[in-house]
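Biologist: Hey, could you walk me through this protein? I'm new to reading structures, so keep it simple.

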Amino acid sequence: MLLLILTMIIVAYLIGSISSAILVCKFLGLPDPRTTGSKNPGATNVLRMSNKLAAATVLFLDILKGTIPVWCAYFLKIDSLYLGFIGMAACLGHMYPIFFNFKGGKAVATALGTLLPIGFTLGGLLIITWVLVVKVSKYSSLAAIVTVSLAPLYVYLLKPLYVYPTLMLSALIIFRHRENIKRLFKGTESKITHKIE
């Protein structure tokens, strides 16, 4: 079982390292998202650079990067705590992708993907929370921070077994947003200018 867990952690990291934003931008003939806008290779920055379809494609693929390894590990009967490590590996792959010089994004969508196997009710709560915060504040980073901060509470109410793995993921995402938090306090963080439907 230990070998299986280690294998799944490595596989999750490698899947996470496939940068959807960079590949989609390259396919569409757009600049590298790490050099334009917020310089973050994620769906929000692709939205700033292009259109909703391109951003939605990146979002969908980034979510899949988290869902696929965790769902596979779940069906392989891997313990819930180790599912957390596998989810973190996918997020770390997105943040520090081996295929793209270890320069990645914030892994918010990938983290959402790792939590979806817990249940679509949880996924719905997380998406609603993100959308509401964005609509009110226009800050994607603030929406991400609030959403991952509430994720452990949602999980506790729905499936307490997965609280500790969720806490690990939340801490990782918040840590990755430390520069955004500083900019939010300074009032220098960039807002989303496109309307969120």
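Modeller: Sure, we can start with the overall fold and then look at a few single residues. One thing up front: this is a predicted model.

Biologist: Okay, how many helices and strands are there in the secondary structure of the protein?

Modeller: There are ten helices and zero strands. Reading from the N terminus, the elements go α-α-α-α-α-α-α-α-α-α.

Biologist: And what radius of gyration does the protein have next to a compact globule?

Modeller: The protein has 16 Å, and a compact globule with 197 residues would be near 16 Å, so the two agree. Along its principal axes, the C-alpha trace spans about 45 × 35 × 30 Å.

Biologist: How much of it is buried?

Modeller: Of the 197 residues, 48% count as buried.

Biologist: What about contacts between residues 24 or more positions apart?

Modeller: Those make up 66% of the contacts with a separation of 6 or more.

Biologist: Switching to the outside: what is the accessible surface of the protein?

Modeller: It comes to about 10200 Å², and 72% of that belongs to carbon and sulfur atoms.

Biologist: How many positive and negative side chains are there?

Modeller: The protein has 19 positive and 6 negative ones, and the centres of the two sets lie 3 Å apart.

Biologist: Now some single residues. Which loop is N40 in?

Modeller: N40 sits in the loop between α2 (20–28) and α3 (43–49).

Biologist: Is N40 buried or exposed?

Modeller: N40 has 17% relative accessibility, and buried means under 20%, so N40 counts as buried.

Biologist: What does N40 touch, not counting residues up to four places away in sequence?

Modeller: N40 touches P33, N45, G104, G105 and K106. With K106 there's a bit more detail: the side chain of N40 reaches the backbone nitrogen of K106 at 3.4 Å.

Biologist: New topic: where is F102, and what is its phi?

Modeller: F102 is in the loop between α5 (80–95) and α6 (108–115). Its phi is near 60°, a positive value in a residue other than glycine.

Biologist: Why does F102 count as partly exposed?

Modeller: Because its relative accessibility is 47%, and partly exposed runs between the 20% and 50% cut-offs.

Biologist: What about K138, where is that one?

Modeller: K138 is in the loop between α7 (120–137) and α8 (140–158). K138 has a positive phi too, near 70°. At 41% relative accessibility, K138 counts as partly exposed.

How values were computed: Residues numbered from 1 in each chain as written. Predicted model: local features only at pLDDT ≥ 70, side-chain atom pairs only at ≥ 80, totals over all residues. Heavy atoms only, no water. Helix = DSSP H or I, 4+ residues; strand = E, 2+ residues; numbered from the N terminus. Rg over C-alpha atoms; globule rule 2.2 N^0.38 Å. Buried < 20%, exposed > 50% of the residue type's maximum accessible area, 1.4 Å probe, protein only. Contact = heavy atoms within 4.5 Å. Areas by Shrake-Rupley, 256 points an atom, 1.4 Å probe, with all protein chains shown as cover. Lys, Arg positive; Asp, Glu negative; His and termini not counted. Charge placed at Lys NZ, Arg CZ, Asp CG, Glu CD. Polar contact = N/O pair within 3.5 Å; in protein donor to acceptor, adjacent residues only side chain to side chain.
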